[in-house]
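Biologist: Hi! I'm new to this one, so could you walk me through it?

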Amino acid sequence: MVRHFHIDNPTMKNDSSTAGVHIPSARAIESVGAGGFRSDLLRSTSKSSAIKAEVRGLDFHYGGFRALKDVSMQVQANEVTALIGPSGCGKSTFLRCFNRMHDLYPGSRYDGEIRLYPDDVNLLAPDIDPVETRIRIGMVFQKPNPFPKSIFENVAYGLRITGEKRRQVIHEKVEKALRDAALWDEVKDRLHQPATSLSGGQQQRLCIARTLATEPEIVLFDEPTSALDPIATASIEELIIELKERVTILIVTHNMQQAGRVSRYTAFMYLGELVEFGETSRIFTRPAKRETENYITGRFG
Amino acid sequence: MSASAVKNATALPGRRGLRRSRLARPSEFVAESLLLFAALSAVAITLGIVFILVRESAAFFTHVPIVDFLTDIQWTPLFESPRYGILPLLAGTLTVSLVALAFAVPVGTITAVYLSEFASPRLRETVKPVLELLSGVPTVVFGYFALLFVTPLLQKLVPGLPGFNMLGPGIVIGIMIVPYISSLSEDAMRAVPMHLREASFAMGASRLQTAVRVVLPAATSGVVASYILAVSRAVGETMVVAIAAGQQPNLTFDPTEAAATITAFIVQVAMGDLPHGSIGYQSIFAAGLTLFLLTLSFNVLGWFVRRRYREAY
Ligand SMILES: Nc1ncnc2c1ncn2[C@@H]1O[C@H](COP(=O)(O)OP(=O)(O)OP(=O)(O)O)[C@@H](O)[C@H]1O
Ligand SMILES: [Mg+2]
């Protein structure tokens, strides 16, 4: 069975006012081929729906285990899309396909496509360079995982590995990223202290700043607040809502209220399948599928 | 509930009392005592060795002023008019150890990075035991390897290199201690949690960048500890230098010259025919004490490094 989910809000789909806004760094992802040419072509045409990525018939295998089954959906640009579902249903697996994290481990296999726009390339194609992909698609993990380096060096990390040498540029970008992550005021006098001296919530905002420093187009959040207290959680949620002005966000969460607060769209997954996808307000008030309703009302999961 | 009621409750027939008693678990008591005894005897033996070192050295220092020992630039205990300056032996020991480290630190660290971050599990499981076999080879074999193979090879590269020199044995000791560095550093690097590597990869870092910029710094304390263990091992190495370095105390830091180290001198005298109790014989205890203090300070340094760079992931 092939399920395709499209956005049920027609005004969103043809919103051409945001055309071209969400193409920050135009690094070509394709390591071979005429990727640069194609993305140039795309940017100059007016064929720009606000779709940032489209998943088509995605299957994923851990060795012999099929963890994702024929998932198809669209990711709207400059919106927050939440992934919900019971533990083990494949949310993290799905998220980690976008930045090709599975490539790090032997035995993983992708089938299907994740098309990234405006480049219109398949992120899962063998000729796509995972390293370039990860520069454009950032990730924030469940547990804050700053490097055992100073606060400054954590945020500068992505700039340094992409070869940025100009001190002035690095300083400006680090400050901007820390401001964007709402952390600057708290750390500006202690930039050279170890990142591990920060509180959990500050560490998570530092990880967000670290990701933002290289100006990604999509940021993937995998349960970013599950290790944090309610106040730190609130500040991260606020941040996510602000960030969507500039980036497209996918967030895995176990917290229904959180999905309701931050996301415009919600995907409900169950046993590796995408059961239902739509606007968050609709999913939470009028779920179309029995499994979704059961999950949302807490009858299982 | 009153206190007496509690007392009654514990005394109920058929119930075990709550009070601690050594007799409750006799086998455990015996095992504990045996373990304590074993631990104490190890400490006692160590203290005994230190005691003998200090006592014999004290006897030596009643004949040779400690200032001469530390400042005289000649070590000639076997001569008619003996001189007892430790500096030449110390210089030999340090030079050989530095040569060994100059070889082993880069080779060992690169090997560890490769095994931990790049090699397939199968390759790692093959290479590691083979490397560790190196430390099972008797050191006398390494000594003749230095004398009969490495030095002739070096003589082709360094014209005028004498048959006895510190470079050859230094490199061979370096080869010997590579497994200490590679094995311990690899353990330290593999102990770096996966989520740190993932954070780095997710930023778009390559494997090499992740290894050098994240994993290695995160494993600093273990890696430096492995260097320090390797230094202690190099400083204490005896056979290789006794065979291949020339056994002539020589105040120099030039590795192409022949020299003797503290350990080489100790075996030379211990196996020679100096009468027990003579000053020459006692000098090996003073030399041994110096070696002991040297290694002890490396260990203390290692302890501080571990504490200073305690991993906080
Ligand atoms: N490395 C792996 N090898 C094999 N199977 C795996 C691996 N990682 C996850 N799985 C399996 O894939 C399925 C999906 O796992 P995933 O981690 O994506 O779930 P999740 O929805 O993120 O769960 P949670 O909410 O608990 O984080 C599970 O059945 C899990 O057991
Ligand atoms: Mg998960």
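Biologist: Which residues of α5(A) meet α9(B)?
Modeller: On the α5(A) side they are Tyr157(A), Arg160(A) and Ile161(A), and in α9(B) they meet Gln209(B), Thr210(B), Arg213(B) and Val214(B). Contact here means heavy atoms within 4.5 Å. Helices (H or I, at least four residues) and strands (E, at least two) are DSSP runs, numbered from the N terminus.

Biologist: Anything I should know about the model and the numbering?
Modeller: It's a predicted model, where local features need pLDDT of at least 70 and side-chain atom pairs count only at pLDDT 80 or more, while totals for chains, interfaces and linings use all residues. Residues are numbered from 1 along each chain as its sequence is written, chains are lettered from A and ligands numbered from 1 in the order in which they are written, and side-chain values use heavy atoms, with hydrogens and water left out.

Biologist: Back to that pair: at what angle do α5(A) and α9(B) pack?
Modeller: About 150 degrees, with the axes 12 Å apart (lines fitted to C-alpha atoms, for helices over the stretch in contact; angles run from 0 to 180 degrees between N-to-C directions). The two helices are therefore roughly antiparallel. The cut-offs are under 35 degrees for roughly parallel, over 145 for roughly antiparallel, 65 to 115 for roughly perpendicular, and oblique for the rest.

Biologist: And what kinds of residues make up the contact of α5(A) with α9(B)?
Modeller: Three nonpolar, two polar and two charged. Ala, Val, Leu, Ile, Met, Phe, Trp, Tyr, Cys and Pro count as nonpolar, Asp, Glu, Lys and Arg as charged, and the others, Gly among them, as polar.

Biologist: Zooming out, how many residues does each chain give to the contact between chain B and chain A?
Modeller: Chain B brings 19 residues and chain A brings 25. About 1,900 Å² is buried between them, and carbon and sulfur atoms give 62% of that; buried area is the accessible area (1.4 Å probe) that two parts lose on being put together, summed over both.

Biologist: Which residues of chain B lose the most area to chain A?
Modeller: Glu198(B), Met203(B) and Arg213(B), together 35% of what that side buries. Arg213(B) is also among the α9(B) residues that meet α5(A).

Biologist: Now inside chain A: where does α5(A) touch α6(A)?
Modeller: Helix α5 (residues 151–161) and helix α6 (residues 167–180) of chain A cross at roughly 120 degrees, with their axes coming within 9 Å. That makes them oblique to each other. On α5(A) the contact uses Phe152(A), Val155(A), Ala156(A), Leu159(A) and Arg160(A), and on α6(A) it includes Ile170(A), His171(A) and Lys173(A). Eight residues of this contact are nonpolar, one is polar and two are charged.

Biologist: How does α5(A) sit against α8(A)?
Modeller: Their axes come within 6 Å and cross at roughly 35 degrees. Ile151(A), Asn154(A) and Val155(A) meet Leu206(A), Ala209(A) and Arg210(A) of α8(A).

Biologist: Changing topic, which peptide bond is cis?
Modeller: The one from Tyr117(A) to Pro118(A), with omega near 10 degrees. Pro118(A) is in the loop between β4 and β5 of chain A.

Biologist: Last one: what does UniProt list for residues 90–302 of chain B?
Modeller: An unreviewed entry gives "domain: ABC transmembrane type-1" there. That span is 77% helix and 0% strand, and its end C-alpha atoms lie 21 Å apart. For residues 53–296 of chain A, UniProt has "domain: ABC transporter", also from an unreviewed entry, and this stretch is 37% helix and 27% strand. UniProt positions are given in the numbering used here, feature names are shortened, and annotations may be inferred rather than shown by experiment.
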